[in-house]
Amino acid sequence: MSDKEVILTQEGLRKLEDELENLKSVKRREVAERIKVAIGYGDISENSEYEDAKNEQAFIEGRVITLEKMLRNARIINSDEIDTDVVGVGATVTVEDLEFGDITEYAIVGSAESDPLQNKISNESPVGKAILGKKKGTVVDVTVPAGVIQYKIVDIKK
């Protein structure tokens, strides 16, 4: 079974590395201290503080494993690889909703660093898939739960 490639920008790589470092150096110590304090309360079989701390510890360890795997399988998109002729991962794309005339700018990123609230959409999202590989001026149909949206690609930049 092969691991899935994780596409990251330099910024995305830095964020994942920072999160991993924080989990390993800060969060592990904090939860270990919480467990130690909770054990000091006595009988751990009915100790909610101990149970909460152990659950947090399991979450932290799971996230560490996930981050390490993602970083091992990372492919970094450098700015000199970004083509402004066609939409690709790492590009910033301006699209116009042809029904309402709304103009939106999206950064196309790998799924690991997508953040729709920051207009960072995954290359695997409906909009990302629809515009990937398309040129400026192209009109694309995007199937979303509410129906089909038509977007015109207005601009592509690094």
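The legends below describe close-up views of a predicted model. Residues are numbered from 1 along each chain as its sequence is written, and side-chain values use heavy atoms, with hydrogens and water left out. Because the model is predicted, local features need pLDDT of at least 70 and side-chain atom pairs count only at pLDDT 80 or more, whereas totals for chains, interfaces and linings use all residues.

**View 1. Helix α1 and its kink.** Helices (H or I, at least four residues) and strands (E, at least two) are DSSP runs numbered from the N terminus. The 31 residues of α1 (residues 10–40) should span 45 Å, at 1.5 Å times one less than the number of residues, and the end C-alpha atoms of α1 are 44 Å apart, which agrees. A kink of about 40° is centred on Leu23, the bend being the angle between axes fitted to the seven residues ending there and the seven starting there. Just after α1, Gly42 takes a positive phi of about 110°.

**View 2. The buried residues of α1.** Among the residues of α1 that are buried (under 20% relative accessible area, 1.4 Å probe, protein chains only) are Leu16, Leu20, Leu23 and Ile35. The buried residues of α1 pack, with heavy atoms within 4.5 Å, against β1 (6–9), α2 (48–72) and β2 (74–77).

**View 3. Asn123 in its loop.** Asn123 lies between β5 (120–122) and α3 (126–131), and counts as buried because its relative accessibility is 12%. Leaving aside residues up to four places away in sequence, Asn123 touches residues including Ile7, Val89, Ser111 and Lys129.

Terms used
Buried means under 20% relative accessible area, exposed over 50%, partly exposed in between (1.4 Å probe, protein chains only).
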